[in-house]
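Me: Please take a close look at a single part of this model and describe how that part is placed among its neighbours. I should like one connected account with residue-level detail.

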Amino acid sequence: MPQHATLAAEWEDLLTRRPAFQDSLHLFGVVLDAWGRWAPPGIPVLGLDQDECRRRWHAGVAVIVSSPPAFDRDSLEPLLAPVLQELAALGEEEAQAVSRFAEAWDEGRLAPESLLPGLSGEGRRREGEALGISADLLSFITYVGLRPPLEAYFGRVQPLFSPDLWDVGACPFCSAPPAFADLADDGKRWLSCALCGGRWSIGRLRCPFCDNRDARTLTRLAAEEQEEGYLIEACDVCRGYIKGVDRRVRWNAASALIEDWGTPHLDVIARGKGYWRATPSLIQLAPPGSTPG
Ligand SMILES: [Zn+2]
Ligand SMILES: [Zn+2]
């Protein structure tokens, strides 16, 4: 897929800009390699028409809710296998959790759909607990393992979207929480979904996780003291945070996914102040100092 070639080039460029992260973020290179090679025949593609999509978005319901994908388990293996191998190398505990995941997957006890936050809700966490896999690890595997098939699945409905149709904090396609915020040239705040690649817009002063709109409890953490144009937006009601880039200042920043992967130091700042993020990050699995290499 051509967009994966772009991501790979952006990632290489980011590691040149931030060479200190080359070792600790090595895993994402493996992820991008797997994405770039993945091209199974017969990937399901959702074929909803524009009226139906608009009806759902106006009702505030993400497309996936009434149209769940049915991915073929075997077709996902080339995406999962290399990543599981890397995750298992993080430590003994991770290796055991990964082997429990692989066993459940191979035996058909774990369906791809049951991993999707928009479909499973709390069920996913319970499933992880039953398998002895932390919610963070299960979420990380889901995000890196299912993005290419989800991009393909929503490939026809994504062009039907326009931001005036949707006024919700979660992704209009897969219902996952946003992973990154971009302030665009027009001053609009765009949110990105790291699970399916969806993009939508909500107001500047609004928490996408709990819908808090009170400026007194919406905080900007001091990312800009370190790097101009990089942001951490946090909410003092639900304590969630999201990183972002002000593209009016950082006009040459990479895509949201690459900037999110490439700024773990900003997650360290936010976590240090007691905030949580809604989407998985490598730093939740391998805090600085515990990463091999
Ligand atoms: Zn999404
Ligand atoms: Zn909040």
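Reply: The account below follows one strand, its partners and the helix that packs beside them, and then turns to a separate pair of helices. The model is a predicted one.

The strand chosen is β6, which spans residues 240-246. β6 is mostly covered, with six of its seven residues buried. Three strands are joined to β6, and they are taken here in turn.

Strand β1, residues 180-183, runs parallel to β6 and is joined to β6 by four bridges. Within this pairing, Asp182 has Val245 of β6 as its bridge partner.

Strand β5 (230-235) is antiparallel to β6, and five bridges link the two. Here Ile232 is matched with Lys243 of β6 as its bridge partner. β5 and β6 form a hairpin with four residues between the strands, and in this hairpin Arg239 adopts a positive phi near 70°.

The pairing with β7 (276-277) is parallel and consists of two bridges. In it, Tyr241 is placed opposite Arg277 of β7.

β6 also takes part in covering a helix. In α10, residues 264-272, the buried positions are Pro264, Leu266, Asp267 and Ala270. These residues lie on the same side of α10, because the arc they cover around the axis is only 150°. The general geometry of a helix is relevant here: an α-helix has 3.6 residues a turn, so residues three or four places apart point the same way. The cover over the buried residues of α10 includes β6 together with β5 and β7, and also β4 (218-221) and α11 (282-285). Just after α10, Gly274 has a positive phi of about 85°.

Elsewhere in the chain, a helix pair offers a second example of packing. Helix α4 (residues 73-88) and helix α5 (residues 92-106) have axes that come within 8 Å and cross at roughly 150°. Because angles over 145 degrees count as roughly antiparallel, α4 is described as roughly antiparallel to α5. On the α4 side, the contact is made by Leu84, Leu87 and Ala88, and on the α5 side by Glu94, Ala95, Val98, Phe101 and Ala102. Seven of the residues in this contact of α4 with α5 are nonpolar, one is charged and none is polar.

To return to the part requested, β6 is a mostly covered strand that runs parallel to β1, antiparallel to β5 and parallel to β7, and β6 is included in what covers the buried residues of α10.

Technical notes. Residues numbered from 1 in each chain as written. Chains lettered and ligands numbered in written order. Predicted model: local features only at pLDDT ≥ 70, side-chain atom pairs only at ≥ 80, totals over all residues. Buried ≥ 20, exposed ≤ 12 C-beta atoms within 10 Å, placed from the backbone. Arc of directions from axis to C-beta. Contact = placed C-beta atoms within 7 Å. Pairing = 2+ DSSP bridges. Axes fitted to C-alpha atoms, helices over the stretch in contact; angles between N-to-C directions. Parallel < 35°, antiparallel > 145°, perpendicular 65-115°, else oblique. Nonpolar A, V, L, I, M, F, W, Y, C, P; charged D, E, K, R; others polar.
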